[in-house]
Amino acid sequence: MVLIDPRLEPLAMRVANGAGPVRPPDRVIEKAVGNGLDEATLKLVLEKYVHESLHLFVDPVEWSLAESVPKLYVRTTKDHSLLPAFQDKMIAHAQPIRVVELETGHLPMLCQPKELAAHLNSLLA
């Protein structure tokens with residue numbers, strides 16, 4: 001089963017039909033991933049933005065290959081890209097050993113790096 005956010009379907013169809021990815025306007029990137037970022041960090045994100053492969057969104061994941069790997073899901077509660085219902089689907093498919101919530105947008109590694117690192121490091125403890 002392939003999970004794709006319905007909002008990404010037009011982009012998926014463009015790529016599937018050979019049109020290739022198009023860089024979204026800065027305002028779209030800002031709305032999708034910029035909430036919670038300070039002005040300087042947002043500027044850097046916009047300058048460095050590159051397309052993620054469509055394969056990240058449409059290729060199936062074989063979770064059985066990672067059964068022995070402990071998985072943590074970081075639910076980002078202010079995420080404008082991954083809405084709560086979609087995150088719930090991702091959690092159901094990944095079956096992490098733990099779900100943590102960070103009150104942040106789509107980029108917790110930039111918004112709350114210390115908090116994210118603490119949760120990730122807790123998997124090693």
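Select Gln95 first, in the loop between helix 5 and strand 2. The model is a predicted one. Gln95 follows directly after helix 5 and has a positive phi of about 50° although it is not a glycine. Most residues other than glycine have a negative phi. With a relative accessible area of 63%, Gln95 is exposed, because the cut-off for that class is over 50%.

**Helix 5**

Step back from Gln95 and select residues 84-94, which form helix 5. Colour Phe86, Gln87, Ile91 and Ala94: these residues of helix 5 are buried. Turn the view until you look down the axis of helix 5; the buried residues fall within an arc of 145°, so they line one face of the helix. An α-helix has 3.6 residues a turn, so residues three or four places apart point the same way.

Next show strand 1 (72-76) and strand 2 (98-102), against which the buried residues of helix 5 pack. Strand 2 is also where the loop holding Gln95 leads.

**Gln87**

Stay in helix 5 and centre on Gln87. Its relative accessibility is 2%, so Gln87 counts as buried; the limit for that class is under 20%. Which residues is Gln87 in contact with, leaving aside its neighbours within four places in sequence? Select Tyr73, Val74, Arg75, Thr76, Asp79 and Leu82 to see them.

**Helix 3**

Now move to residues 39-48, helix 3. Thr41, Leu42, Val45 and Leu46 are buried there. Viewed down the axis of helix 3, the buried residues fall within an arc of 140°, so they too line one face of their helix. Rotate to the face turned away from the buried side and pick out the exposed residues Glu39, Ala40, Lys43, Glu47 and Lys48.

What do the buried residues of helix 3 pack against? Add helix 2 and helix 6 (108-111) to the selection; these are the partners.

**Helix 2 against helix 3**

Keep helix 3 on screen and bring up helix 2, residues 26-33. Two packed helices are described by the angle between their axes and the distance between the axes. Helix 2 and helix 3 pack at an angle of about 125°, with their axes 10 Å apart. That angle makes helix 2 oblique to helix 3, and the crossing of the two helices is right-handed.

To see the contact itself, show side chains for Asp26, Ile29, Glu30 and Val33 on helix 2, and for Leu42, Val45 and Leu46 on helix 3. Coloured by class, the residues of this contact divide into five nonpolar, no polar and two charged.

**Glu30**

Within helix 2, centre on Glu30. Is Glu30 buried, partly exposed or exposed? At 39% relative accessibility, Glu30 counts as partly exposed. Not counting residues up to four places away in sequence, Glu30 touches Asn35, Leu42 and Leu46. Draw a C-alpha to C-alpha distance from Glu30 to Lys43: the two are 9.3 Å apart in space and 13 residues apart in sequence. Lys43 is one of the exposed residues on the face of helix 3 turned away from its buried side.

**The whole chain**

Finally, zoom out. The secondary structure of the protein comes to seven helices and two strands, arranged along the sequence as α-α-α-α-β-α-β-α-α. Colour by accessibility: buried residues make up 29% of the 125 residues. Of the contacts in the protein with a separation of 6 or more, 68% are between residues 24 or more positions apart.

Key
Residues are numbered from 1 along each chain as its sequence is written. This is a predicted model: local features need pLDDT of at least 70, side-chain atom pairs count only at pLDDT 80 or more; totals for chains, interfaces and linings use all residues. Side-chain values use heavy atoms; hydrogens and water are left out. Buried means under 20% relative accessible area, exposed over 50%, partly exposed in between (1.4 Å probe, protein chains only). Helices (H or I, at least four residues) and strands (E, at least two) are DSSP runs, numbered from the N terminus. The arc is that of the directions from the helix axis to the C-beta atoms. Contact means heavy atoms within 4.5 Å. Axes are lines fitted to C-alpha atoms, for helices over the stretch in contact, and angles run from 0 to 180 degrees between N-to-C directions. Angles under 35 degrees count as roughly parallel, over 145 as roughly antiparallel, 65 to 115 as roughly perpendicular and the rest as oblique. A crossing is left-handed if the near helix is turned anticlockwise from the far one by less than a right angle, and right-handed if clockwise. Ala, Val, Leu, Ile, Met, Phe, Trp, Tyr, Cys and Pro count as nonpolar, Asp, Glu, Lys and Arg as charged, and the others, Gly among them, as polar.
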